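Subject: Structure handover

Hello,

Here is the structure for your files. My notes follow below it.

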Amino acid sequence: MAQIINLNIAHANASVIDIAAVQQSCRKLKAGLIAPAAEEVTHELANEHAAEPIKDMNDIIRVSQFLIGQKRFRDNMLFIVGINFGLRVSDLTSLRFSHIINDDCTFRDRFAILEKKTKNTRAHKRNRYITVNTAVVEAVTLYLENTPGVRLSDFMFRSESNNGSNENKPIHRASVDNILKGIARDLGLGNRMSTHTLRKTFAYHQMVMSGNDPRKLLLLQKMFGHSSAAQTLDYIGITSEEIDEAYRRLNLGSVSCNYLVDSDLVEGEFLVG
């Protein structure tokens, strides 16, 4: 709903201004105010390689429904498990069904995993415990219902080139990257998608779900093994988002949409003069 602010100028009759309409109209120049470019202009920029999380919940649902609609049940399971477990792709692709399903065919509540980076780089090795939530149960069940002959010892995300053979090998990291980039292209998502997108999406929505609770940030920092909370924020993508918002909201010198006018602090009557 548009924000309405009353301006009472020199005690004259109050005027009502639709701030959202003013902000939108001021982004469009009137015809003839500036001529077209006379030459090609280029700017030197650094290459952007960082993957982005999927921040819009509607996009997450779109991705899953798109994959299910194409009967790509393995890829849907990969996507759902990836964004709910928050593991690095090397650990994600190493998962077997026995990690999350008991011998009696019930889903485990949680399981332990020794992450490869922890195993290879840290003197003090520590397991990470992953809880299996409902979204994961649903995606795995859907895959099993549509994929006969699966064994508990099988890798969850087998290479499609091995389907129908006796080989039991996990999907390659490059294949995961190609799958995600293909999804972004097919659905027209603006995200820079790569294998890190799954882990970053997990972390981003953990922060959003907590209302940006500092304790959740510290938990994610510890979970990801980052050296500082700032590194975790930067990894998630919240830092760049807040920088954008800081520029967008400031508007010093604008009468209609500076950060005081466009805030809850002065919502209602705003006296001038």
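Arg-96 lies over the face of Phe-155, at 3.9 Å from the ring centre. A charge counts as over a ring if NZ of Lys or CZ of Arg is within 6 Å of the ring centre and within 35 degrees of the ring normal. Lys-200 does likewise with Tyr-235, at 4.8 Å from the ring centre.

Before the rest, the ground rules. This is a predicted model: local features need pLDDT of at least 70, side-chain atom pairs count only at pLDDT 80 or more, and totals for chains, interfaces and linings use all residues. Residues are numbered from 1 along each chain as its sequence is written, and side-chain values use heavy atoms, with hydrogens and water left out.

Overall figures

The chain has 12 helices and 5 strands. Both are DSSP runs, numbered from the N terminus: helices are H or I with at least four residues, strands are E with at least two. Of the 273 residues, 36% are buried. Buried means under 20% relative accessible area, exposed over 50%, and partly exposed in between (1.4 Å probe, protein chains only). The exposed surface of the chain is about 17400 Å², and carbon and sulfur atoms supply 53% of it. Areas come from the Shrake-Rupley method with a 1.4 Å probe; for residues, only the protein chains shown count as cover. Take the contacts with a separation of 6 or more: 55% of them join residues 24 or more positions apart. A contact means heavy atoms within 4.5 Å.

Aromatic rings

The whole structure holds 4 aromatic pairs. One of them is Phe-202 with Phe-224, a tilted pair at 6.5 Å centre to centre and 45° between the planes. Phe-202 is in helix 9 (residues 196-209) and Phe-224 in helix 10 (residues 214-224), so the pair ties together parts 22 residues apart in sequence. Rings of Phe, Tyr and Trp (its six-membered ring) pair if their centres lie within 6.5 Å; planes under 30 degrees apart count as stacked, over 60 as edge-to-face and the rest as tilted. Both partners are buried: Phe-202 has a relative accessible area of 8%, and Phe-224 has 2%. Tyr-235 joins Phe-202 and Phe-224 in one aromatic cluster.

Helix 11

Tyr-235 also belongs to the buried set of helix 11 (residues 229-236), along with Thr-232, Leu-233 and Ile-236. Down the helix axis these residues fall within an arc of 160°, so they line one face of helix 11. The arc is that of the directions from the helix axis to the C-beta atoms. They pack against helix 9, helix 10 and helix 12 (238-250). The face turned away from the buried side carries Ala-230 and Asp-234, both exposed. Gly-237 follows helix 11, with a positive phi near 105°.

Strands 3 and 4

Which side chains of strand 3 (residues 110-113) are buried? Phe-111 and Ile-113 are, and they point to one face; Arg-110 and Ala-112 point to the other and are not buried. In a regular strand the side chains alternate between the two faces of the sheet. Strand 4 (residues 128-131) has Arg-128 and Ile-130 on its covered face, with Tyr-129 and Thr-131 on the uncovered one. Strand 3 and strand 4 pair in the antiparallel sense over 4 bridges. Two strands pair if DSSP finds at least two bridges between them. Phe-111 stands opposite Ile-130, and Ala-112 has Tyr-129 as its bridge partner.

Loops

Leu-114 sits in the loop between strand 3 and helix 6 (116-121). Its relative accessible area is 32%, which makes Leu-114 partly exposed. Leu-114 and Asn-127 are 13 residues apart in sequence but 4.7 Å apart in space, C-alpha to C-alpha.

Two residues that are not glycine have a positive phi. Cys-105 is at about 70°, and Asn-251 is at about 50°. Cys-105 lies in the loop between helix 5 (97-100) and strand 3, and counts as exposed at 63% relative accessibility. Asn-251 is in the loop between helix 12 and strand 5 (269-272). Asn-251 is partly exposed, with a relative accessible area of 28%.

Best regards
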